[in-house]
Amino acid sequence: MKQIFVIGIGSGDPDHLTVAAIRAIEQVDVFFVIDKGEATRELVGHRRAICERYATAKPYRVVQIDDPPRDRDSAAYADAVRVWHDARTERLRRAIDEELAPEESGAVLVWGDPSLYDSTLRVLDRVATRVSEPFAVAVIPGVTSLSELAARHGIPLNAVGGSVLITTGRRLAASGMPAGVDDVVVMLDGKCSFAAVDEDVDIYWGANLGTDGERLVAGRLVDVADDVRRVREDVAREQGWVMDVYLLRRRAND
């Protein structure tokens, strides 16, 4: 039976790979690399560099899959994601059917960890119902951007005995800081939704963590919000892509 590894590769630093991830990579015959276009070509380069560094046990092939376009401005967000997932499913189905021989192992290298705001496992569930031959899936966890953010700022993500909420920029913009939660991690925020938060909070922000272009900003939100926006714009202009994540932490009453 064909084997598909879904391997978390961390947030950019090749040293973030776990021993389990390296051992899985050594078994792979075909790496399926999803190319999102020129703006994120560096991310494809990171994946290829990981293959060159760790896939040394046997020959391997790299199959590049062009990512289908996605409507990010649609008001019907869930419908737009569903259409995008359907298109990505068909492209990955075709690649697995045509490029992976029986008894071979393939892999998808996932930025961060496959369990956190990544569509690979959902797409593979759909692919499994459409391929001509069945395949098994093995998931290898990776270092998340949340872990890297906390490490780079030298902070824990939670207060003593406290909760942490992981959410998106879209939801933060709609609802603000939730009641009863003092620590909120925000991902997928291309519109700087933190600017609408009107509470007294600290922000710990990072972009392109684990890469040579990593940038960090921290401080009282009201004091550094403009700095975050400026640095984010600089990263986008200089590198052509931005993956950022941040922690909002309510400040204790003085």
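Buried means under 20% relative accessible area, exposed means over 50%, and partly exposed covers what lies in between, with a 1.4 Å probe and protein chains only. Please keep in mind that this is a predicted model, in which local features need pLDDT of at least 70 and side-chain atom pairs count only at pLDDT 80 or more, while totals for chains, interfaces and linings use all residues. Residues are numbered from 1 along each chain as its sequence is written, and side-chain values use heavy atoms, leaving out hydrogens and water.

**View 1. Asn-208 is a buried residue in a loop.** Helices (H or I, at least four residues) and strands (E, at least two) are DSSP runs, numbered from the N terminus. Look for Asn-208 in the loop that runs between β8 (201-207) and β9 (215-220). Its relative accessible area is 1%, so it is buried. The side chain of Asn-208 makes a polar contact of 2.8 Å with that of Gln-239. Such a contact is a pair of N or O atoms within 3.5 Å; within protein, one must be able to donate a hydrogen and the other to accept it, and residues adjacent in sequence count only if both atoms are side-chain atoms. With contact meaning heavy atoms within 4.5 Å, and residues up to four places away in sequence not counted, Asn-208 touches Gly-213, Glu-214, Val-235, Gln-239, Trp-241, Val-242 and Met-243.

**View 2. Helix α5 and its buried residues, with Leu-149 as the guide.** Leu-149 sits in α5, residues 145-153, and counts as buried because its relative accessibility is 0%. The other buried residues of α5 include Ser-145, Leu-146, Glu-148, Ala-150 and His-153. Among the elements that cover the buried residues of this helix are β6, β7 (183-187), β8, β9 and β10 (244-250). Leaving aside neighbours within four places in sequence, Leu-149 is in contact with Tyr-204, Trp-205, Gly-206, Leu-209, Val-245, Tyr-246 and Leu-247. The C-alpha atoms of Leu-149 and Ala-207 are 8.9 Å apart, with their positions 58 residues apart along the chain. Just after α5, Gly-154 adopts a positive phi of about 70°.

**View 3. Ile-96 is a buried residue of helix α3.** This helix spans residues 77-99, and Ile-96 is buried at a relative accessible area of 1%. Not counting residues up to four places away in sequence, Ile-96 touches Lys-2, Ile-4, Phe-32, Leu-124, Val-127, Val-131 and Phe-135. From Ile-96 to Ala-24, the C-alpha distance is 18 Å for a separation of 72 residues in sequence.

**View 4. Salt bridges join side chains of the model.** Side chains of opposite charge can pair when their charged atoms come close. A salt bridge here is a side-chain nitrogen of Lys or Arg within 4 Å of a carboxyl oxygen of Asp or Glu, and the structure holds 19 of them. One of these pairs Asp-182 with Arg-250, the closest N and O atoms being 3.6 Å apart. Asp-182 lies in the loop between α6 (169-175) and β7 and Arg-250 in strand β10, so this pair ties together parts that are 68 residues apart in sequence. Asp-182 is partly exposed, at 41% relative accessible area.

**View 5. Asp-200 and Arg-251 form a salt bridge.** Their N to O distance is 3.7 Å. Because Asp-200 lies in the loop between β7 and β8 and Arg-251 in the segment after β10, the pair ties together parts that are 51 residues apart in sequence. Asp-200 is partly exposed at 37% relative accessibility, and Arg-251 is partly exposed at 29%.

**View 6. Asp-226 and Arg-229 pair within helix α7.** Their side chains meet in a salt bridge at 2.3 Å, N to O. The two residues are three apart in α7 (residues 221-239), which means that about one helical turn separates them. Asp-226 is exposed, with a relative accessible area of 54%, whereas Arg-229 counts as partly exposed at 28%.

**View 7. Two cysteines and a search for disulfides.** A disulfide is a pair of cysteine sulfur atoms within 2.5 Å, and the search of the whole structure finds zero. Cys-51 is buried at 1% relative accessibility, and Cys-192 is buried at 13%.
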